[in-house]
Amino acid sequence: DAHNQWMKLQNLVKDNLNGLIQIKGLEMKRSHVSNISNDLTNAIEAFGFESDKPAYLVFCPMEFDDKGAYWISNEKEIRNPYFGDMMLKCGEVKKTIN
């Protein structure tokens, strides 16, 4: 079961990474970043996370017309990948992943 679950998550991440690389347009790239973050979060929840440093699950409430979006960061300081310089510090750490 674990192997099948991992293969499914791995394929989702690969598909979204390929989409991120190939697709034109910032809005569509943002959608792929959100999907990749969700897939990686699911993988971490299913299989755990081993690292010398924690990672952070961060949430931006304004992305996607105020529906919000998550991303995983290796820094606690907010550096919003969705809005960049326009709203670089918009977001909140929702969870520390150890």
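Leaving aside neighbours within four places in sequence, which residues is leucine 40 in contact with? Val13 and Ile72 are the ones. Keep in mind that everything shown here comes from a predicted model.

**Figure 1. Leucine 40 sits in helix α2 and meets two residues from elsewhere in the sequence.** Once its neighbours within four places are set aside, leucine 40 touches Val13 and Ile72. Is this leucine buried, exposed or something in between? Leucine 40 counts as partly exposed, because its relative accessibility is 36% and the middle class runs between 20% and 50%. You can also look for methionine 7, which is 33 residues away from leucine 40 along the chain. The C-alpha atoms of these two are separated by 13 Å.

**Figure 2. The whole chain, before we zoom in on more details.** There are three helices and three strands in this protein chain. Follow the sequence and you'll meet them in the pattern α-α-β-α-β-β. Along its principal axes, the C-alpha trace spans about 40 × 30 × 20 Å. A compact globule with 98 residues would have a radius of gyration near 13 Å, and the 14 Å of this chain agrees with that. Buried residues make up 31% of the 98 residues. Now take the contacts between residues at least 6 apart in sequence: 46% of them join residues at least 24 apart. On the outside, the chain exposes about 6,600 Å², with carbon and sulfur atoms supplying 52% of that area.

**Figure 3. Helix α1 has a buried side and a side turned away from it.** Count along α1 and you get 21 residues. From first C-alpha to last, α1 reaches 30 Å, close to the 30 Å expected at 1.5 Å a residue. Which residues of α1 are buried? They are Leu9, Val13, Asn16 and Gly19. These four sit on the same side of α1, because they cover an arc of only 125 degrees around the axis. That buried set packs against α2. Look at the face turned away from the buried side and you'll find the exposed residues His3, Asn4, Asp15, Ile21 and Gln22.

**Figure 4. Helix α2 has buried residues covered by several other elements.** At 1.5 Å a residue, the 22 residues of α2 should span 32 Å, and its end C-alpha atoms are 31 Å apart, which agrees. The buried residues of α2 are Arg30, His32, Ser34, Ile36, Ser37, Asp39, Thr41, Ala43 and Ile44. What covers them? The cover includes α1, β1, α3 (63–66), β2 and β3 (92–97). Just after α2 comes glycine 48, which takes a positive phi of about 90 degrees.

**Figure 5. Serine 37 is a buried residue in helix α2.** Serine 37 has a relative accessibility of 6%, so it counts as buried; the cut-off for that label is under 20%. Leave out its neighbours within four places in sequence, and serine 37 is in contact with Tyr70, Trp71 and Ile72.

**Figure 6. Tryptophan 6 and phenylalanine 47 form one of the aromatic pairs.** A search of the whole structure turns up four aromatic pairs. In this one, the ring centres are 5.8 Å apart and the planes are at 85 degrees, an edge-to-face arrangement. The pair links distant parts of the chain: tryptophan 6 belongs to helix α1 (residues 2–22) and phenylalanine 47 to helix α2 (residues 26–47), 41 residues apart. Are these two residues buried or exposed? Tryptophan 6 is partly exposed at 39% relative accessibility, and phenylalanine 47 is partly exposed too, at 36%.

**Figure 7. Phenylalanine 59 and tyrosine 70 form a tilted pair.** Their ring centres lie 4.7 Å apart with the planes at 50 degrees, so this pair is called tilted. Phenylalanine 59 is in strand β1 (residues 55–60) and tyrosine 70 is in strand β2 (residues 69–73), so the pair ties together parts that are eleven residues apart in sequence. Phenylalanine 59 is buried, with a relative accessible area of 16%, whereas tyrosine 70 is partly exposed at 30%.

**Figure 8. Three aromatic residues make a cluster.** Here, ring pairs link Phe64, Trp71 and Tyr82. You've already met Trp71 as one of the residues in contact with serine 37.

Terms used. Residues are numbered from 1 along each chain as its sequence is written. This is a predicted model: local features need pLDDT of at least 70, side-chain atom pairs count only at pLDDT 80 or more; totals for chains, interfaces and linings use all residues. Side-chain values use heavy atoms; hydrogens and water are left out. Rings of Phe, Tyr and Trp (its six-membered ring) pair if their centres lie within 6.5 Å; planes under 30 degrees apart count as stacked, over 60 as edge-to-face and the rest as tilted. Buried means under 20% relative accessible area, exposed over 50%, partly exposed in between (1.4 Å probe, protein chains only). The expected span of a helix is 1.5 Å times one less than its number of residues. The arc is that of the directions from the helix axis to the C-beta atoms. Contact means heavy atoms within 4.5 Å. The radius of gyration is taken over C-alpha atoms; the globule rule is 2.2 Å times the number of residues to the power 0.38. Accessible areas come from the Shrake-Rupley method with a 1.4 Å probe; for residues, only the protein chains shown count as cover.
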